[in-house]
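Open the model in your viewer and keep the sequence panel visible. The stops below say what to select and what you will find there.

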Amino acid sequence: MIMTTNCVKAIDDAIMSRVHLSLHVPDFDAASRGRLWAAFLEKARSVSSSGSQVASKFTETDLHTLAEGEMNGRQIKNAVRMAYALAEDAQEPLEMKHIGKVLDVTKESEFELQKESKKADNSSL
């Protein structure tokens with residue numbers, strides 16, 4: 001069995017006792033994140049289910065801006081998918097405004113989750 005996590009601290013001793021090999025994979029640097037953004041955005045350029053093209057070109061400046069955000073590959077993939085859905089629903093080409101909207105909502109919800117998590121940690125003391 002293969003298990004991946006970015007929450008190593010949440011793994012209890014019972015599970016760790018059954019792990020035979022543990023590998024650390026460092027976080028992506030900005031260049032790696034830029035390549036991921038480019039790859040997922042290129043994939044989104046494929047023809048939509050309705051047969052219309054929904055993706056526009058993203059500039060190097062756009063990719064550089066996106067790559068500066070600390071995100072892992074799953075988060076980048078999910079952000080592109082959500083932005084693609086917004087663009088398709090609006091019958092517009094996928095643009096930075098769609099990505100920006102998704103990133104803003106994601107950042108806000110992560111902030112709220114962290115706030116609630118701190119409340120829960122403090123109430124258990």
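Start by selecting V80 in this predicted model. Leaving aside residues up to four places away in sequence, V80 touches W37, F40, L41, A44 and I99. Show those side chains together with V80.

Next, widen the selection to the largest nonpolar core, which has 16 residues. Which of its members touch the most others? They are W37, L41, V80, L94 and I99. Now colour the helices that supply at least two residues each to this core: α2 (30–44), α3 (60–67), α4 (73–89) and α5 (96–123). The biggest contribution comes from α4, with 6 residues. In soluble globular proteins, nonpolar side chains tend to be buried together.

Hide everything except α2 and α3. Their axes come within 8 Å and cross at roughly 120°. An angle over 115 degrees but not over 145 falls outside the perpendicular and antiparallel ranges, so α2 is oblique to α3. The crossing of these two helices is right-handed.

To see the contact itself, select A30, R33, G34, W37, A38 and L41 on α2, then L63, L66 and A67 on α3. By type, the residues of this contact are 7 nonpolar, 1 polar and 1 charged.

Finally, show the whole chain again. How many helices and strands does the chain contain? There are 5 helices and 0 strands, and along the sequence the pattern reads α-α-α-α-α. Of the chain's 125 residues, 22% count as buried. Among contacts in the chain with a separation of 6 or more, 67% join residues 24 or more positions apart.

Conventions: Residues are numbered from 1 along each chain as its sequence is written. This is a predicted model: local features need pLDDT of at least 70, side-chain atom pairs count only at pLDDT 80 or more; totals for chains, interfaces and linings use all residues. Side-chain values use heavy atoms; hydrogens and water are left out. A nonpolar core is a set of buried Ala, Val, Leu, Ile, Met, Phe, Trp, Tyr and Cys residues joined through side-chain atoms within 4.5 Å. Buried means under 20% relative accessible area, exposed over 50%, partly exposed in between (1.4 Å probe, protein chains only). Helices (H or I, at least four residues) and strands (E, at least two) are DSSP runs, numbered from the N terminus. Contact means heavy atoms within 4.5 Å. Axes are lines fitted to C-alpha atoms, for helices over the stretch in contact, and angles run from 0 to 180 degrees between N-to-C directions. Angles under 35 degrees count as roughly parallel, over 145 as roughly antiparallel, 65 to 115 as roughly perpendicular and the rest as oblique. A crossing is left-handed if the near helix is turned anticlockwise from the far one by less than a right angle, and right-handed if clockwise. Ala, Val, Leu, Ile, Met, Phe, Trp, Tyr, Cys and Pro count as nonpolar, Asp, Glu, Lys and Arg as charged, and the others, Gly among them, as polar.
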